[in-house]
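Work through the exercises below with the structure open beside you, and try each task before you read its solution.

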Amino acid sequence: MDISVSLTVNGKAVAATLDSRTLLVQLLRERLGLTGTHVGCDTAQCGACTVHMNGKAIKSCSIVAMQAEGAEVLTIEGVAKADGTLHPMQQAFKDNHGLQCGFCTPGMVMNALDFAQGHPNPTEQEVRESLEGNLCRCTGYHNIVKSIIAGAKAMGGKL
């Protein structure tokens with residue numbers, strides 16, 4: 001059964017007619033071409049598909065697109081400034097070598113942005129606990145943690 005869904009993605013109004021079983025991650029990647037949101041596990045375990053919906057980090061592989069009706073969705077493509085200037089959290093990941101293969105990075109950054117809004121000066125332990133739902137198969141998380149601490153400080157509690 002097809003349904004219509006309207007939402008705002010990265011500040012732009014979007015409307016689509018979709019199968020009612022279409023996941024938000026499928027809408028973003030396959031219909032809107034926003035491939036920075038990755039599919040890693042299809043079971044909401046890895047966090048590679050993390051986006052913001054109405055200001056909160058969610059795993060888009062566990063949300064049916066119609067649940068986003070009327071919502072504001074922010075993907076990794078909408079985080080940097082229009083002129084290409086990186087967001088402070090993205091810059092912190094770059095400066096602190098918080099990525100290796102890069103597959104998990106968009107989800108890590110999106111989760112970190114949500115976390116940092118409430119933790120402008122986080123401890124290492126707080127950051128490690130916040131990463132519980134995001135998996136990286138390349139690193140020992142050390143540089144990811146350093147990146148999030150630096151990014152949170154640079155953000156000062158603001159997105």
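**Exercise 1.** In this predicted model, determine which elements cover the buried residues of H3.

*Solution.* Begin with the residues themselves: those of H3 that are buried, each with under 20% relative accessible area, include Thr 105, Met 108, Leu 113 and Phe 115. Next, look at what covers the buried residues of H3, where one finds the strands S3, S4 and S5 together with helix H2 (88-95), helix H4 (124-130) and helix H5 (142-155), among what contributes. Finally, count: 12 of the 14 residues of H3 are buried, and the helix is therefore largely enclosed by the rest of the structure.

**Exercise 2.** Find the angle at which H3 (residues 105-118) runs to S3, and compare the span of H3 with the one expected at 1.5 Å a residue.

*Solution.* H3 lies across S3, S4 and S5, and its direction is at about 40° to S3. For its 14 residues a span of 20 Å should result, and because the end C-alpha atoms are 20 Å apart, the two values agree.

**Exercise 3.** Establish the strand order of the open sheet and which strands stand at its edges.

*Solution.* The five strands follow the order S2-S1-S5-S3-S4, with mixed pairing. Strand S2 (12-19) and strand S4 (56-59) each have a single partner strand, so one side of each lacks a neighbour in the sheet. From one strand to the next, the twist averages 40°. Within this order, S1 (residues 2-9) and S5 (residues 72-74) run parallel and are joined by two bridges, and Thr 8 has Glu 72 in S5 as its bridge partner.

Conventions. Residues are numbered from 1 along each chain as its sequence is written. This is a predicted model: local features need pLDDT of at least 70, side-chain atom pairs count only at pLDDT 80 or more; totals for chains, interfaces and linings use all residues. Side-chain values use heavy atoms; hydrogens and water are left out. Two strands pair if DSSP finds at least two bridges between them. Helices (H or I, at least four residues) and strands (E, at least two) are DSSP runs, numbered from the N terminus. Axes are lines fitted to C-alpha atoms, for helices over the stretch in contact, and angles run from 0 to 180 degrees between N-to-C directions. Contact means heavy atoms within 4.5 Å. The expected span of a helix is 1.5 Å times one less than its number of residues. Buried means under 20% relative accessible area, exposed over 50%, partly exposed in between (1.4 Å probe, protein chains only).
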